[in-house]
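This report describes a helix pairing and a pocket in a predicted model. The structure is shown first, and the description follows.

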Amino acid sequence: MLRGVITDIDGTLTDEKRRLSTAAIETIRTLQEHGIEVVLSSGNTSCLLKGLCKLIGTGGTFIGENGGVYRIGFQGSMKVMADRNIALRALQVLEEHYAKKGIHLELYSHQERYSDIAFARDVPVEEVRSLLAGWPVDIMDTTFAIHIHEAGIDKGKTFHIVAEQLGVKPEEFLGIGDSENDIGMIQAAGTGCCVANAQEDVRNISDYCSSVPYGEGFVEIMRTYFPHILAR
């Protein structure tokens, strides 16, 4: 029996322009009102996720920075899972390399992050991985940004901690996403799903893929697995 939903945001609850789907928001509110715990899980910062939890209407639990931070409920304190200094040192290597080529990395929400580094996809992610080969970091391409964080941290590992603290087993969750940073989370959930715009690797490990992309795909999946709540 499914008792919870853990969902990515960008590309999963949004459209291609990163605008939140109003249908997805209404669906989340209905699920939450019927006792289904909805957890937001994103590469975004904690300050953004705090606001989204309140404005969307979840119970306040989130995972941010691709597993690097999390909070349980609105009253919980934020926990940091990774040492950001490692990512900062790796960033310095990249900045020195690209500066020689006249390329400046555009950092995203740099002062608001506690565990990772995020920057624009203006350089090839495989080149970034090659430059940082041997470093104790993981590089994630979310299709919206490139992220660097301490090795061994991802949404899936932090999800296990969050589920335990919520008192809901991971196998009682439905996990849904669209990009490579969602793979660990989708595999950790009892039921793993993706929206139609998902990367091929994500589609390959999902139990179900929606027939339509983005937020409308999220709604389709929720109606498929929670018909007793969302039947119309």
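## Helix packing and the largest pocket

In this predicted model, the axes of helix α1 (residues 22-33) and helix α8 (residues 214-225) come within 8 Å and cross at roughly 30°. Angles under 35 degrees count as roughly parallel, and α1 and α8 are therefore roughly parallel to each other. The crossing of α1 and α8 is left-handed. On the α1 side, the contact is made by Ala 23, Ala 24, Thr 27, Ile 28 and Leu 31; α8 contributes Gly 215, Glu 216, Phe 218, Val 219 and Met 222.

Turning to the largest pocket, about 250 Å³ of space lies within it. Its lining consists of 19 residues. Those that lie nearest the centre of this pocket are Asp 10, Arg 18, Gly 43, Asn 44 and His 147.

The table sets out the residue classes for the helix contact and for the pocket lining.

| Set of residues | Nonpolar | Polar | Charged |
|---|---|---|---|
| Contact of α1 with α8 | seven residues | two residues | one residue |
| Lining of the largest pocket | five residues | nine residues | five residues |

Key:
Residues numbered from 1 in each chain as written. Predicted model: local features only at pLDDT ≥ 70, side-chain atom pairs only at ≥ 80, totals over all residues. Heavy atoms only, no water. Axes fitted to C-alpha atoms, helices over the stretch in contact; angles between N-to-C directions. Helix = DSSP H or I, 4+ residues; strand = E, 2+ residues; numbered from the N terminus. Parallel < 35°, antiparallel > 145°, perpendicular 65-115°, else oblique. Left-handed = near helix turned anticlockwise from the far one by under 90°. Contact = heavy atoms within 4.5 Å. Nonpolar A, V, L, I, M, F, W, Y, C, P; charged D, E, K, R; others polar. 1 Å grid on protein atoms, 1.4 Å probe; cavity = no way out; pocket = protein on both sides within 12 Å on 5 of 7 lines; lining within 4 Å. Points joined across faces, edges and corners; volume = space filled by probe spheres on them.
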